[in-house]
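Take a look at this protein and its two ligands. We will go through it step by step.

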Amino acid sequence: MIPEGFPETAARLCAACGMCCDGTMFQIVRMQPGEVPAELGRLGLKIRCREGEYFMEQPCSALVEKRCTVYEKRPVRCRLFNCQQLARVERGEIAETEAMTMIVETRAMVERARALIEQCGLREDGQDLVTRYERVMSTPVNETLEPELVKPREELDETMRKLKLRLNREFRVPPNSH
Ligand code: SF4
Ligand code: SF4
């Protein structure tokens, strides 16, 4: 049975999170059959096409202060997605407070990773988190000439490793589970 007030609970949790829209969890959102890419593009969404497949780039341009500004017209994949935290609350397996703690802790890891990326010399440029992390790690560093970059890179690598595990275990929906 869905707990009473679940939509309000979900709204509170998502308003504190935004990770499935801000380029933390996903790099793209695929368009689904029947969707009209041009219509979604007119909403200001970053619709792209590669080899005949349409997708939306993340971070999403419709996310403002962790809220979807095109909620009523959002793409199909956005409508279907419920992260594992929401699903567990909906099934009554965990309380809202537990999910909120998980979100707050995970967001802190994301903010730490972002700060480390900046420390490594890559300014915020609107790309998703994994792409920015990979750009940092693929840039060669001379440990003698740039010793100040060694520790932030190591910490970034470790933070991203832990973050990936946590997102897979606590937020992403395993394939074929729905
Ligand atoms: S990851 Fe879950 S809690 Fe966070 S915004 Fe997306 S659906 Fe909401
Ligand atoms: S359209 Fe809305 S729900 Fe979909 S990714 Fe963008 S902000 Fe999130």
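**A walk through the model**

The shell around ligand 1 holds 9 nonpolar residues, 2 polar ones and no charged ones. Keep in mind that this is a predicted model. Which residues make up this shell around ligand 1? They are L13, C14, C17, G18, M19, C20, C83, Q85, L86, I103 and F171. Two elements, α1 (6-15) and α4 (84-90), each give two or more residues to the shell. Glycine counts as polar in this sorting. So the 2 polar residues are G18 and Q85.

Now turn to ligand 2. Around ligand 2 sit C21, V29, C60, A62, L63, C68, V70, R74, P75 and C78. How do these residues divide by class? The shell of ligand 2 has 9 nonpolar residues, no polar residues and 1 charged residue. Arginine counts as charged, so R74 is the charged one.

Next, step back to the whole protein. How many helices and strands does the protein have? It has 7 helices and 5 strands. Follow the sequence from start to end, and the pattern reads α-β-α-β-β-β-β-α-α-α-α-α. Along the principal axes, the C-alpha atoms fill a box of roughly 60 × 40 × 30 Å. The protein has 178 residues, and 23% of them are buried. Now consider contacts with a separation of 6 or more: 65% of these join residues 24 or more positions apart.

Zoom in on a pair of strands. Strand β2 covers residues 47-50, and strand β3 covers residues 53-57. The two run antiparallel, and 4 bridges join them. Which residue of β3 stands opposite I47? That residue is M56. β2 and β3 form a hairpin with 2 residues between the strands. In this hairpin, E51 takes a positive phi near 50°.

Finish with a pair of helices. Two packed helices are described by the angle between their axes and the distance between the axes. Here the pair is α5, residues 96-119, and α6, residues 129-137. Their axes come within 10 Å and cross at roughly 35°. The crossing of α5 past α6 is left-handed. Where do the two helices meet? From α5 come V110, A113 and I117. From α6 come L129, R132, Y133 and V136. By class, this contact has 6 nonpolar residues, no polar residues and 1 charged residue. Arginine counts as charged, so the charged one is R132 in α6.

Technical notes
Residues numbered from 1 in each chain as written. Chains lettered and ligands numbered in written order. Predicted model: local features only at pLDDT ≥ 70, side-chain atom pairs only at ≥ 80, totals over all residues. Near = placed C-beta within 6 Å. Pairing = 2+ DSSP bridges. Axes fitted to C-alpha atoms, helices over the stretch in contact; angles between N-to-C directions. Left-handed = near helix turned anticlockwise from the far one by under 90°. Contact = placed C-beta atoms within 7 Å. Buried ≥ 20, exposed ≤ 12 C-beta atoms within 10 Å, placed from the backbone.
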